[in-house]
Amino acid sequence: MDNRFILDPKLASASTPPANWYIDPAMLIHEREKVFRRTWQYAASLDLLTFPGNYAAVDINGIPVVLVRGQDGELRAFYNVCRHRAGVVAHGCGNRKSLQCQYHGWLYGLDGKLRNAPEFDGVENFNKEDFGLIPIRVGTWGPFVFVNMDASAPPLLDVLGNIPVETNSLDFSTLRKVERREYVVNANWKVYIDNYLEGYHIPIAHPGLFKEVDYDKYRVDTFRYYSSQYAPIRPVRTEDPAGRVFTELIGDEQAFYYWIFPNFMFNTYPGNVQINIVVPVSHNKTNVIFEWYFADPGTSEAWKNLQDGIAFSDNVQKEDMTLCEDVQRNLEAGVYKQGRYSVKRENGVHHFHSLMQEYLDK
Ligand code: FES
Ligand SMILES: [Fe+2]
């Protein structure tokens, strides 16, 4: 299969990527190397790593990583791969003074340095200093920890651009993670991202959501490494039938929907935050992780709003999963070549495809 595809940088004359982009298993191998290993990847929530000695072993798109809060208070990340014969140095999460490989017991400090290699006397040309855990870049924003395996990638805060400023009315310190759900979608991860990045399908595919948002005002703004969706809540009118989920935002209250290249979404609404991490499992299977953070979910009214919000989002997610799985099946049917983009509604999808092309060609 030939996956070469030159995207027209001009939205109005561009064609969408060919089916091979979404159905060829070789494409994912290429994307893992060129995209997922070169971009900031969400790794864990910061509350797992509050105290010196806290560690968390995580899988980042098939790459084992361990996050550690050192005795010096510094947050570090390493490949979770022992320098002896590639054993695992940490499982799960917890609090330790050091990390010991589970295979032959090599012992590493929380700074990654190899402290002890048992029964290694007599080994020639062996310096412990040369066998520390291999560090990778780590960055935090609010309650989120990210890692990047590319030493030359732009810093996390450069990638996030204006997002931290635009969302500075959020008080992260009051937000608590209250729910995590994982959805397995039988579709390529890019089919899922494409779907997230446009509101074009809302009138037909999300009747419940269509009642809530002011579709005429809906728009997607694109930036260097992210895009944001402006989706104002429709004014609640007295004649509205029962069943409106979202109340109109008042004063300077704002909702934000950000997508950060390639696979992280950050959605806010006054008093709560929802993140989505889109993890490819194979070329046609994707794990989508949802986490909800709420301020003050303790009161009964807040609790009900929280549950209503989660149920509403769960419903929209199921509608999107059906759309994505239908598309994947049709892409694999061998009849689709390429399509076109709506200039008014699909600029965010074209922006994503442009970034993919830029990274795949690098
Ligand atoms: S593989 Fe880690 S101690 Fe042998
Ligand atoms: Fe959708």
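Which residue forms a salt bridge with Asp72, and how far apart are the closest N and O atoms? I looked this up first, keeping in mind that the model is predicted, and found that the partner is Arg76, with the closest N and O atoms 2.7 Å apart. I then checked how far each of the two is covered: Asp72 is exposed, with a relative accessible area of 52%, whereas Arg76 is partly exposed, at 21%.

**Entry on the salt-bridge count**

I listed the salt bridges over the model, and the count comes to 14. I followed some of them further, beginning with Glu291 and Arg180, whose side chains meet in a salt bridge at 2.7 Å, N to O. Glu291 belongs to strand 17 (residues 285-295) and Arg180 to strand 11 (residues 175-185), so this pair ties together parts that are 111 residues apart in sequence. For the accessibility of the two partners I noted that Glu291 is buried, with a relative accessible area of 1%, while Arg180 is partly exposed, with 43%.

**Entry on Arg181 and Asp314**

I next turned to Arg181, which forms a salt bridge with Asp314, the closest N and O atoms being 3.1 Å apart. Because Arg181 lies in strand 11 and Asp314 in helix 8 (residues 300-332), the pair ties together parts that are 133 residues apart in sequence. Arg181 is partly exposed, with a relative accessible area of 26%, and Asp314 counts as buried at 12%, since the cut-off for buried is under 20%. I also asked which residues are joined into one network by salt bridges that share partners, and I wrote down Lys177, Arg180, Glu182 and Glu291.

**Entry on helix 9**

I checked the length of helix 9 (residues 347-361) against expectation: at 1.5 Å a residue its 15 residues should span 21 Å, and the end C-alpha atoms are 21 Å apart, so the two values agree. Is this helix mostly covered or mostly uncovered? I found that helix 9 is mostly covered, as 12 of its 15 residues are buried. Among the buried residues I noted three histidines, His350, His351 and His353, and the list also includes Asn347, Gly348, Phe352, Met356 and Tyr359.

Finally I looked up what these buried residues of helix 9 pack against, and the helices in that list are helix 1 (20-23), helix 2 (25-36) and helix 5 (189-196). The strands that I recorded for the same packing are strand 12 (219-222), strand 13 (226-230) and strand 14 (256-260).

Definitions and conventions:
Residues are numbered from 1 along each chain as its sequence is written. Chains are lettered from A and ligands numbered from 1 in the order in which they are written. This is a predicted model: local features need pLDDT of at least 70, side-chain atom pairs count only at pLDDT 80 or more; totals for chains, interfaces and linings use all residues. Side-chain values use heavy atoms; hydrogens and water are left out. A salt bridge is a side-chain nitrogen of Lys or Arg within 4 Å of a carboxyl oxygen of Asp or Glu. Buried means under 20% relative accessible area, exposed over 50%, partly exposed in between (1.4 Å probe, protein chains only). Helices (H or I, at least four residues) and strands (E, at least two) are DSSP runs, numbered from the N terminus. The expected span of a helix is 1.5 Å times one less than its number of residues. Contact means heavy atoms within 4.5 Å.
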